[in-house]
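Let's take a walk through a protein model and the molecule it holds. Have a look at the picture first, and then we'll go step by step.

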Amino acid sequence: MAEAVETMDGWYCLHDLRSIDWTSWKMASSDEREAAIHEFEQLLSKWEAIEEAKDGSHAVYTVVGQKADIMMMFLRPTMVELNELETEFNKTKFAEYLKPAYSYVSVVELSKYAPQKEGVDPESLPETQARLKPILPKWEHMCFYPMDKRRQGENNWYTLEFSERGKMLYEHSKTGRKYAGRVKQIITGSFGFDDWEWGVTLFAHDVLQLKRIVYEMRFDEVSAKYGEFGEFFVGNHLPKENVAAYLHV
Ligand code: VOV
């Protein structure tokens with residue numbers, strides 16, 4: 001039997017994607033629209049204060065293509081807080097004009113494949129804690145997709161020895177490191193939480209870097225042999241000060 005890797009788990013994560021019902025948004029009076037925008041901006045300010053206090057983080061992006069219009073990513077210390085935040089958002093006026101497009105529940109995850117230093121618990125290190133409870137970058141572009149590791153015939157990730165998986169992930173990390181400063185990745189685990197095994201969230205200033213890293217990684221053994229991918233979503237940063245202009249009709 002192959003051995004499971006130990007994981008370190010951080011903040012809980014919700015990717016919440018909605019489509020805007022532009023018809024009913026346009027039919028609303030301008031007062032109603034203004035009130036809905038104002039209330040949403042206030043909620044964004046509340047989320048900013050939570051981020052400032054390092055009690056969570058969030059990122060809001062518009063989505064390119066027909067799969068959704070807005071993509072929100074939330075991180076919170078507990079699943080309960082994540083649920084409360086979702087419910088609070090659902091009760092807003094703005095949410096009345098939104099239709100669910102996709103959602104994904106997971107938790108920020110780091111695995112202990114790398115050799116551990118004698119007597120040092122990696123989870124106690126401040127740099128590990130910063131990665132488990134990250135403040136999401138507000139870079140220009142974001143891409144999100146869920147993925148699995150294949151369990152088919154010859155290619156079954158879950159029957160490979162620990163050392164073999166570790167070696168492949170080390171090779172994977174070498175490809176990733178080439179993109180340092182250009183792509184920031186947040187890997188979230190979703191075993192038991194959602195339909196896929198991991199969520200992959202990538203941030204970039206230059207959108208082409210997202211295409212390049214995903215393409216280049218296809219040639220890493222771990223992705224080439226074992227990667228299975230769900231739907232991809234890509235979008236552009238929507239800062240609070242641009243919300244009113246984005247929703248203007
Ligand atoms: C942006 C760069 C980048 C870098 C530096 C990087 C590094 C690393 C390291 C060091 C490790 C292992 C330890 C840990 O930290 O968990 C991982 C782990 C993981 N990765 Fe990664 N990854 C990147 C980027 C990166 C991308 C773009 C993808 C999507 C793959 C693709 O084909 O579309 C990905 C996936 C994953 C997954 C699903 C895991 C968990 C695997 C498991 O079985 O547990 N990842 N990753």
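Before we start, one term: two residues are in contact when heavy atoms of theirs lie within 4.5 Å. Also keep in mind that this is a predicted model.

Let's begin with Tyr145. Find strand E5, which runs over residues 141–149, and you'll find Tyr145 in it. The unreviewed UniProt entry puts an "active site" annotation on Tyr145. Is Tyr145 buried or exposed? Buried means under 20% relative accessible area, and Tyr145 has 6% relative accessibility, so it counts as buried. And what does it touch? If we skip the neighbours within four places in sequence, Tyr145 is in contact with Trp198, Gly199, Val200, Leu202, Val214, Phe229, Glu231 and Phe232.

Now on to the ligand, which has an iron atom. Which residue donates to that iron? The only protein donor is His172, through its NE2 atom, at 2.0 Å. You can spot His172 in helix H5, residues 162–177.

Next, look at what sits around the ligand. There are 22 residues around it, and the ones that come nearest are Ser111, Tyr145, His172, Gln185 and Ser223. So here we meet Tyr145 and His172 again. In the side chain of Tyr145, an N or O atom is 2.5 Å from an oxygen atom of the ligand. Ser111 has a polar side-chain atom 2.8 Å from a ligand oxygen atom. For His172, the partner is a nitrogen atom of the ligand, 2.9 Å from an N or O atom in the His172 side chain. Zooming out, the elements giving two or more residues to this shell are strand E4 (98–111), E5, H5, strand E8 (183–189), strand E9 (198–204) and helix H6 (207–217). H5 gives the largest share, with five residues. Sorted by class, the shell has 13 nonpolar, six polar and three charged residues.

Let's stay with helix H5 for one last stop, because Thr175 is buried there too, with a relative accessible area of 7%. Which residues does Thr175 touch? Leaving out neighbours within four places in sequence, Thr175 is in contact with Glu216, Met217 and Asp220. With Asp220 there is also a polar contact: the two side chains are joined at 2.9 Å.

Note on methods
Residues are numbered from 1 along each chain as its sequence is written. This is a predicted model: local features need pLDDT of at least 70, side-chain atom pairs count only at pLDDT 80 or more; totals for chains, interfaces and linings use all residues. Side-chain values use heavy atoms; hydrogens and water are left out. UniProt positions are given in the numbering used here, feature names are shortened, and annotations may be inferred rather than shown by experiment. Helices (H or I, at least four residues) and strands (E, at least two) are DSSP runs, numbered from the N terminus. Buried means under 20% relative accessible area, exposed over 50%, partly exposed in between (1.4 Å probe, protein chains only). Donors are N, O and S atoms within 2.8 Å of the metal (3.2 Å for Na, K and Ca); water is not among the atoms, so sites may look incomplete. A residue is near a molecule or strand if one of its heavy atoms lies within 4 Å of it. A polar contact is a pair of N or O atoms within 3.5 Å; within protein, one must be able to donate a hydrogen and the other to accept it, and residues adjacent in sequence count only if both atoms are side-chain atoms. Ala, Val, Leu, Ile, Met, Phe, Trp, Tyr, Cys and Pro count as nonpolar, Asp, Glu, Lys and Arg as charged, and the others, Gly among them, as polar.
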